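Please open the model in your viewer and keep the selection panel at hand. The tour below goes from one selection to the next and says what is there.

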Amino acid sequence: MSVSLPPRGRGTASNPANRFAPSRSVAEDDGWFQEVPPSRATEVRVEMAKSIITRNQSPDLPFDRSINPYRGCEHGCIYCYARPSHAYWDLSPGLDFETRLIAKSNAPSLLAQQLARPGYVCAPINLGSNTDPYQPIERQQQLTRRTLQVLLEHRHPVTIVTKGALILRDLELLGQLAEQRLVAVMISLTTLDDELKRIMEPRAASPAARLRAIRVLRAQGVPVGVLCAPMIPMINDMELERLLEAAKQAGRSARPTCSCACRGRSRRCSRSGCRRTTRSAPSTSSAWCGRAAAARCTTAASAHACAARGPSPPCWRSASPWPAGASACRAARTSSWTARASARRAGSWRCCERRMAGAGAGQPVRLALPLPIG
């Protein structure tokens with residue numbers, strides 16, 4: 001099977017029509033072979049947003065509000081679950097998601113207005129729930145930096161999820177927030193292989209740069225952890241233990257999660273990325289990406305590898321993946337169908353606990369591995 005290469009520095013070669021488009025155009029091969037894909041410049045559109053805080057009631061998320069200063073992400077991660085959201089602006093989840101970006105220029109001022117409302121109830125705000133707040137265009141736009149300044153002025157708690165080394169630019173702001181225990185940073189770490197990173201996350205920071213960011217943030221007193229996600233079978237799941245060991249040596253203070261969602265238009269882009277890797281056969285990658293019933297991938301192989309390293313740890317089926325009391329609290333805030341779905345998912349989670357060599361103070365590392373449903 002022939003695999004079309006993406007433009008230089010991009011994650012996908014496809015640019016499918018969004019699901020709301022009334023018509024579609026199809027490119028036809030004219031017979032001219034071009035070995036080097038052409039580059040495609042990044043376009044940034046400025047938007048005056050009407051609101052900036054997005055709220056959710058999902059039992060799958062540990063926060064109920066978030067801020068995304070940008071629509072689309074220049075990192076171009078091939079597996080990104082946020083790609084289908086670009087269809088709401090009549091743009092494609094493929095190349096358009098990586099190259100035609102939207103910046104909410106009034107995000108900091110709008111946030112200050114919403115925080116000053118008399119009825120506002122304080123709770124941690126997440127930065128980077130949909131698109132990365134430290135993607136390359138942040139270097140010029142500086143929307144994330146100005147947002148952090150507003151949060152610092154209001155002494156508001158914030159959590160940050162990113163895979164960009166640009167976060168070190170705001171080290172002084174994060175340090176001031178950390179002194180007041182108002183910030184926590186999670187660095188996404190998917191692989192230690194630079195070549196695989198170039199395929200999966202073409203414009204994201206290198207693994208070495210992310211590990212350096214963890215060390216510097218930790219030295220500054222900023223709480224920092226790692227997110228080892230997604231763990232894709234036969235592509236990067238065999239690196240899980242090496243990722244945990246590298247993160248531990250860098251000074252991470254939070255345990256990772258290992259799950260991945262691949263739905264809708266994201267599945268098409270992810271399938272093309274899987275085929276371009278040299279670690280798995282196309283048929284296996286296609287089978288993983290096409291599991292619409294489960295819409296999740298699992299690192300069961302890594303769990304068995306954990307059990308094989310020394311004494312067999314106890315494995316059990318957890319009654320609930322949430323801490324004590326949290327499950328009932330979140331279920332009360334959600335609709336009945338969401339609560340039933342959460343209860344169904346809870347029965348499909350398995351916790352595998354083992355001690356890592358040198359984990360520190362004898363603390364076990366718990367890996368929550370989602371198992372497919374259906």
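Begin by selecting Ser188, which has its place in strand β8, and bear in mind throughout that the model is predicted. Is Ser188 buried or exposed? With a relative accessible area of 7%, Ser188 is buried, because the cut-off for that class is under 20%. Now show what surrounds Ser188: once its neighbours within four places in sequence are set aside, the residues in contact with Ser188 are Thr162, Lys163, Arg210, Leu227 and Ala229.

Next, extend the selection to the whole of strand β8. Five of the six residues of β8 are buried, so the strand is largely enclosed by the rest of the structure. Add strand β7, residues 158–162, and you will find that β7 pairs with β8, residues 183–188, in the parallel sense over five bridges. Two positions are worth labelling along this pair: Thr159 has Ala184 of β8 as its bridge partner, and Ile160 stands opposite Val185 of β8.

From this pair, widen the view to the sheet. Which order do its strands follow? The sheet is open and has six strands, in the order β2-β3-β6-β7-β8-β9, with mixed pairing. The edges are held by β2 (54–55) and β9 (224–227), each of which has a single partner strand, so one side of each is left without a neighbour in the sheet.

Keep the sheet displayed and add helix α4, residues 143–153, which packs on the sheet and touches β3 (65–67), β6 (125–127) and β7. The direction of α4 makes about 160 degrees with that of β6.

Two further helices can now be examined against α4. Select helix α2, residues 107–115, whose axis comes within 9 Å of that of α4 and crosses that axis at roughly 25 degrees. That angle makes α2 roughly parallel to α4, because angles under 35 degrees are counted in this way. The crossing in which α2 passes α4 is right-handed. To see the contact itself, show Pro108, Leu111, Ala112 and Leu115 from α2 together with Leu143, Arg146, Thr147, Val150 and Leu151 from α4. Sorted by class, the residues in the contact of α2 with α4 are seven nonpolar, one polar and one charged. As background for reading such a contact, an α-helix has 3.6 residues a turn, so residues three or four places apart point the same way.

Then replace α2 by helix α5, residues 171–179. The axes of α4 and α5 come within 10 Å, with a crossing of roughly 25 degrees, and that makes α4 roughly parallel to α5. What is the handedness of the crossing of α4 and α5? This crossing is left-handed, whereas α2 passes α4 in a right-handed one. On the α4 side of the contact, select Arg145, Leu148, Gln149 and Leu152, which meet Glu172, Leu173, Leu174, Gln176 and Leu177 of α5. Divided by class, the contact of α4 with α5 has five nonpolar, two polar and two charged residues.

While α5 is selected, colour its buried residues, namely Leu171, Leu173, Leu174, Gly175, Leu177 and Ala178. These buried residues pack against α4, β7, β8 and α7 (207–219).

The next stops concern the backbone, and a general remark helps here: most residues other than glycine have a negative phi, and most peptide bonds are trans. Just after α5, select Arg181, which takes a positive phi of about 55 degrees although it is not a glycine. Arg181 lies in the loop between α5 and β8 and, at 78% relative accessibility, counts as exposed. Move on to Asp90, whose phi is near 60 degrees, again a positive value in a residue other than glycine. Asp90 has its place in the loop between β4 (70–71) and α1 (95–99), and with a relative accessible area of 56% Asp90 is exposed.

For the last selections, go to the loop between β9 and α8, where Pro230 lies. A cis peptide bond, with omega at about 0 degrees, joins Ala229 and Pro230, and Ala229 is one of the residues in contact with Ser188. Beyond that loop, select helix α8, residues 240–250, where the buried residues are Leu240, Glu241, Leu243, Leu244, Ala246, Ala247 and Ala250. The tour ends at Gly251, which follows α8 and has a positive phi, near 105 degrees.

Key: Residues are numbered from 1 along each chain as its sequence is written. This is a predicted model: local features need pLDDT of at least 70, side-chain atom pairs count only at pLDDT 80 or more; totals for chains, interfaces and linings use all residues. Side-chain values use heavy atoms; hydrogens and water are left out. Two strands pair if DSSP finds at least two bridges between them. Helices (H or I, at least four residues) and strands (E, at least two) are DSSP runs, numbered from the N terminus. Contact means heavy atoms within 4.5 Å. Axes are lines fitted to C-alpha atoms, for helices over the stretch in contact, and angles run from 0 to 180 degrees between N-to-C directions. Angles under 35 degrees count as roughly parallel, over 145 as roughly antiparallel, 65 to 115 as roughly perpendicular and the rest as oblique. A crossing is left-handed if the near helix is turned anticlockwise from the far one by less than a right angle, and right-handed if clockwise. Ala, Val, Leu, Ile, Met, Phe, Trp, Tyr, Cys and Pro count as nonpolar, Asp, Glu, Lys and Arg as charged, and the others, Gly among them, as polar. Buried means under 20% relative accessible area, exposed over 50%, partly exposed in between (1.4 Å probe, protein chains only).
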